[in-house]
Amino acid sequence: MKIRRAFSLIVLVSVVLAATACSTQQSTASVAATVQTTETSTASEETSMSEQTTATTEQSIEAKAGAFDMVNKKVRLNSGYDMPIMGLGTYSLDYDTCVNSVKALLGNGGRLIDTAYMYGNEDAVGEGVRQAMEEYNIPREEIFVITKIYPSQYNEPEEAIDMALEKLDIGYIDMMLLHHPGTGDIDAYKAMEKYVAQGKIHSLGLSNWYVKELTVFLPEVFITPALVQNEIHPYYQEQDVVPFIQEKGIVVQCWYPLGGRGHTSELLNDETISSIAEAHGVSSAQVILRWDLQRGIVVIPGSSNPDHIKENLDLFGFELSDEEMARINALDRNEKHDWY
């Protein structure tokens, strides 16, 4: 009898211990499941927050793109980079003249330089930038250099891009443009996109693209151009093209802002422009460049004269009234001065 009771007691204890172990395991599993659920929820929240942050950042960049900062004299590009709103065009400048002009610009506070393969002076621009960086203690990131590849290079774009990087020799290219439409332009642009991914080019753009060309081109590329550079001056104002481009969050930049070779004198002596210049105590060139800036157009006037280069940067001590802007707008003749 005693043995039977002892056996029953042993069985009872075993059952209690087994139940306790099972309960403990279930509790542990429950805790683990709760932890896993919490971790999953946290990870999900972190992913969601990360996605929201990325989306907010992209929306912020898009919202600011194209807005001129007249205080800091820059414009935010849709690529996220800031670009100076006035600078120097180097078309037709030979090596020594180009080096000196670039240094004159940088020495007077300018930071934007435009060149191209077809100008034949990318190496001179690079030399001027390197000398100015050393002599004036200018950080590379403050300087913005634009270059272009030409349609004759579109069939071998990687070679063209590598050549530009080598000639400039300034670490990276701030912006590269296609010089104008041509066979293979879309493939060439896509090659440039790869160099953006590598960090060798920061922003991309187009030169001499208008409404029809842009309508065809833009759906074919992944990276929206940050800039379109066209001929614009008071006699050829592109009053339909400029807003078409700007509404897409793309910045507009003008070449030949003072009319171009053979036409500059006529434009600077235009009675409307010269009278406005006299009223403000500035030059006709300054009036024209200020008119561009107030239209939201970046200016890159070409010059080899250090005094003119300095003057072309001095555009913020006056402002054109709405009436003065309208008078210059009325000068439009739809008169293009180059074939692009």
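This is a guided tour of a predicted model, stop by stop, with something to select at each one.

**The whole chain**

Start with everything shown as a cartoon. The protein has 12 helices and 11 strands. Of its 340 residues, 44% are buried. Contacts here often link distant parts of the chain: among those between residues at least 6 apart in sequence, 72% join residues at least 24 apart.

**The sheet**

Next, colour the strands from β4 to β11. These 8 strands form an open sheet, in the order β4-β5-β6-β7-β8-β9-β10-β11, with parallel pairing. At the edges are β4 (88–89) and β11 (297–299), each of which pairs on one side only.

Zoom in on the β11 edge and select residues 251–255, which make up β10. This strand runs parallel to β11, and 3 bridges join the two. To see one matched pair, pick Q253, whose bridge partner in β11 is V298.

**The middle strands**

Now move to β6 (144–149) and β7 (173–178). They run parallel and are joined by 4 bridges. On its other side, β7 pairs with β8 (201–207), again in the parallel sense, over 5 bridges. Select I173 and you will find I201 of β8 standing opposite.

How many residues of β7 are buried? The count is 6 of 6, so this strand is mostly covered. For β8, 7 of the 7 residues are buried, so the strand is largely enclosed by the rest of the structure.

**A lysine inside: K148**

Stay in β6 and show the side chain of K148. Is this lysine buried or exposed? K148 has a relative accessible area of 1%, and the cut-off for buried is under 20%, so K148 counts as buried.

Show what surrounds K148. Beyond the residues up to four places away in sequence, K148 touches D114, T115, A116, Y117, Y119, E122, L177, H179, S207 and Q229. L177 deserves a second look, as this residue is also the bridge partner of K148 in β7. Then draw a distance from the side chain of K148 to the backbone of T115: a polar atom of that side chain lies 2.8 Å from the backbone oxygen of T115.

**Helices on the sheet**

Bring the sheet back into view and add residues 122–136, helix α3. α3 packs on the sheet, touching β5 (112–114) and β6, and its direction makes about 170 degrees with that of β6. Another helix to add is α5, which packs on the sheet and touches β6, β7 and β8. The direction of α5 makes about 160 degrees with that of β8.

Keep α5 (residues 185–197) selected for a quick check of its length. At 1.5 Å a residue, its 13 residues should span 18 Å; the end C-alpha atoms are 19 Å apart, which agrees.

Show the side chains of D185, A188, Y189, A191, M192, E193 and Y195, which are buried in α5. What do these buried residues pack against? Their partners are β6, α4 (157–168), β7, β8 and α6 (211–217). Just past the helix, click on G199: this glycine follows α5 and has a positive phi, near 80 degrees.

**Two cysteines**

Select C98 and C254. C98 is buried, with a relative accessible area of 0%, and C254 likewise counts as buried, at 0% relative accessibility. A disulfide is a covalent bond between the sulfur atoms of two cysteines. A search of the whole structure finds 0 disulfides.

**Towards the end of the chain**

Select N329, which belongs to helix α12. N329 is partly exposed, with a relative accessible area of 30%. Setting aside neighbours within four places in sequence, N329 is in contact with Q237, Q239 and W291. Add P234 as well: the C-alpha atoms of N329 and P234 are separated by 6.8 Å, although the two residues are 95 residues apart along the chain.

The last stop is D338, in the segment after α12 (322–329). D338 is partly exposed too, at 22% relative accessible area. Its contacts, leaving aside neighbours within four places in sequence, are E231, W255 and Y256. To finish, mark G260: its C-alpha atom is 8.3 Å from that of D338, with the two residues 78 apart along the chain.

Notes
Residues numbered from 1 in each chain as written. Predicted model: local features only at pLDDT ≥ 70, side-chain atom pairs only at ≥ 80, totals over all residues. Heavy atoms only, no water. Buried < 20%, exposed > 50% of the residue type's maximum accessible area, 1.4 Å probe, protein only. Contact = heavy atoms within 4.5 Å. Expected span 1.5 Å × (residues − 1). Polar contact = N/O pair within 3.5 Å; in protein donor to acceptor, adjacent residues only side chain to side chain. Pairing = 2+ DSSP bridges. Axes fitted to C-alpha atoms, helices over the stretch in contact; angles between N-to-C directions. Disulfide = S-S within 2.5 Å.
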